[in-house]
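Colleague: Before we discuss this chain, please show me the model.

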Amino acid sequence: MEIMLFIGGIGLQEVLVIALIVLLFFGGKKIPELMKGLGKGVRSFKDGMKEVEDTVKDDDEQKKD
């Protein structure tokens, strides 16, 4: 029984191999810092996308007036 985790057919075994490679490259102490940086990057991206959506909505409202 293989569980499909992501679109494209990445299964549990592939995820475990990727996690092992990350652990080997960065070590156990660096992983929390790496995840913290990744979280900040995702948050920054979402904030940027929200600003773009707000700008587009404002432009649409101004064109209607």
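The questions and answers below concern the helix, its surface and its charged pairs.

Modeller: This is a predicted model, in which local features need pLDDT of at least 70, side-chain atom pairs count only at pLDDT 80 or more, and totals for chains, interfaces and linings use all residues. Residues are numbered from 1 along each chain as its sequence is written, and side-chain values use heavy atoms, leaving out hydrogens and water.

Colleague: Where is the kink in α1 centred?

Modeller: Helices are DSSP runs of H or I with at least four residues, and strands are E runs of at least two, numbered from the N terminus. α1 has 53 residues, yet its end C-alpha atoms are only 51 Å apart, short of the 78 Å of a straight helix (1.5 Å times one less than the number of residues). A bend is the angle between axes fitted to the seven residues ending at a residue and the seven starting there. The kink in α1 is about 100°, and its centre is Gly27.

Colleague: What percentage of the residues in the chain is buried?

Modeller: Buried means under 20% relative accessible area, exposed over 50%, and partly exposed in between (1.4 Å probe, protein chains only). The chain contains 1 helix and 0 strands. Of its 65 residues, the buried share is 2%.

Colleague: Which residue forms a salt bridge with Lys30?

Modeller: A salt bridge requires a side-chain nitrogen of Lys or Arg within 4 Å of a carboxyl oxygen of Asp or Glu. Lys30 is partly exposed, with a relative accessible area of 46%. Its partner counts as exposed at 53% relative accessibility and lies 3 residues away in helix α1, so about one helical turn separates the two. With the closest N and O atoms 4.0 Å apart, the partner is Glu33.

Colleague: What is the N to O distance in the salt bridge of Asp54 and Lys50?

Modeller: Asp54 and Lys50 both lie in helix α1, 4 residues apart, about one turn of the helix. Asp54 is partly exposed, at 33% relative accessible area. The side chains meet with an N to O distance of 3.4 Å.
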